[in-house]
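Student: I should like to examine how the descriptive terms for a structure are justified. May we take them one at a time?

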Amino acid sequence: MDLGLAGRRALVTGAGKGIGRGTVKALHAAGVQVVALSRTRADLDSLVVECPGVEPVCVDLGDWDATERALGSVGPVDLLVNNAAVALLQPFLEVTKEACDTSFDVNLRAVIQVSQIVARGLIARGAPGAIVNISSQASQRAITNHSVYCSTKGAMDMLTRVMALELGPHKIRVNAVNPTVVMTPMAQANWSDPQKAKAMLDRIPLGRFAEVENVVDVILFLLSDRSSMTTASTVPVDGGFLAT
């Protein structure tokens, strides 16, 4: 299926690894001009070698002022994927201020900031656009030791709906993708315990975790005009987890 994305310009955050990197590669292959944002210069350097023409932006999204400077001259963006996130896992009674601040700064506040920059540009140009926020099944189900992470993703789902409500009149669609555990470096670190992994897998009817491409396929669909009547949605890519 031709998604008709060629010739557009996209910004992808958290582009150095995992879902973000997979999204950049897929968009690049589809003829999209991609701005790839990551806090890790080495990841961006290797990505540019792999996908010539990708525009790298190295910044820590937890730093509001640095992000504003880095994206101040980013130019016109038609498509945005808010993928950058951290997962700092602690038992509820041991949650620290630092974990709260870092998690909400990157997982939620940065989404607001980057989306504002992109949406203001689209509105100024009178151009339609699409934003996809990478949420999680953890937005809708409680998971042990994930109190802060679950909270940031629950907030992201509601933010997605409010953004869709307010940006819809400007022809900007906003949706979220809610994956199960995806086999990225971050997930492999957090789900390496076989007992912990089995407890989650037993709740997934398809009996497996997701691969990066499973999520990327949905992201590209939501960015494309093939989903032109879809906004304010939270789309599970969870093998049926949320049905259990």
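Tutor: Certainly; let us begin with a helix pair. In this predicted model, the axes of helix α4 (residues 97–125) and α5 come within 9 Å and cross at roughly 15 degrees.

Student: What makes α4 roughly parallel to α5?

Tutor: Angles under 35 degrees count as roughly parallel. The axes of α4 and α5 cross at roughly 15 degrees, and α4 is therefore roughly parallel to α5. The crossing of these two helices, α4 and α5, is right-handed.

Student: Which residues of α4 and α5 meet?

Tutor: Those of α4 include Ala99, Phe104, Leu108, Val111 and Ile123. On the α5 side, Val148, Tyr149, Met156, Leu159 and Leu167 are among them.

Student: How do you know that α3 is roughly parallel to α4?

Tutor: Helix α3 (residues 64–71) and α4 pack at an angle of about 25 degrees, their axes being 11 Å apart. The cut-off for roughly parallel is under 35 degrees, so α3 is roughly parallel to α4. The contact is made by Trp64, Thr67, Glu68 and Leu71 of α3 with Arg109, Gln113, Val114, Gln116 and Ile117 of α4. Here too the crossing, that of α3 past α4, is right-handed.

Student: Why are α1 and α8 called oblique to each other?

Tutor: Helix α1 (residues 18–29) packs with α8 at an angle of about 55 degrees, and their axes are 9 Å apart. Roughly parallel requires under 35 degrees and roughly perpendicular 65 to 115, with over 145 reserved for roughly antiparallel. An angle of about 55 degrees belongs to the rest, and α1 and α8 are therefore oblique. Their contact involves Gly18, Ile19, Gly22, Thr23, Ala26 and Leu27 of α1, together with residues of α8 including Val212, Val216 and Leu223. The crossing of α1 and α8 is right-handed.

Student: How is the sheet arranged, and what makes β3 and β7 its edge strands?

Tutor: Seven strands form an open sheet with parallel pairing, in the order β3-β2-β1-β4-β5-β6-β7. Strands β3 (55–58) and β7 (234–237) each pair on one side only, and they are the edge strands. From one strand to the next, the twist averages 20 degrees.

Student: How do you know that β1 and β2 pair?

Tutor: Pairing needs at least two bridges. Five bridges join β1 (residues 9–13) to β2 (residues 33–38), and the two strands run parallel. Among the partners, arginine 9 is bridged to glutamine 33 in β2.

Student: Which helix lies across β4, β5, β6 and β7?

Tutor: Helix α5 (residues 147–167) does, running at about 160 degrees to β6. Helix α8 (residues 212–223) also packs on the sheet and touches β4, β5, β6 and β7, its direction making about 165 degrees with that of β6.

Student: How do you know that the charged end of lysine 196 sits over the ring of tryptophan 191?

Tutor: The charged end of lysine 196 is 4.3 Å from the centre of that ring, and the distance limit is within 6 Å. The charge must also lie within 35 degrees of the ring normal; lysine 196 is listed as sitting over the ring.

Methods
Residues are numbered from 1 along each chain as its sequence is written. This is a predicted model: local features need pLDDT of at least 70, side-chain atom pairs count only at pLDDT 80 or more; totals for chains, interfaces and linings use all residues. Side-chain values use heavy atoms; hydrogens and water are left out. Helices (H or I, at least four residues) and strands (E, at least two) are DSSP runs, numbered from the N terminus. Axes are lines fitted to C-alpha atoms, for helices over the stretch in contact, and angles run from 0 to 180 degrees between N-to-C directions. Contact means heavy atoms within 4.5 Å. A crossing is left-handed if the near helix is turned anticlockwise from the far one by less than a right angle, and right-handed if clockwise.
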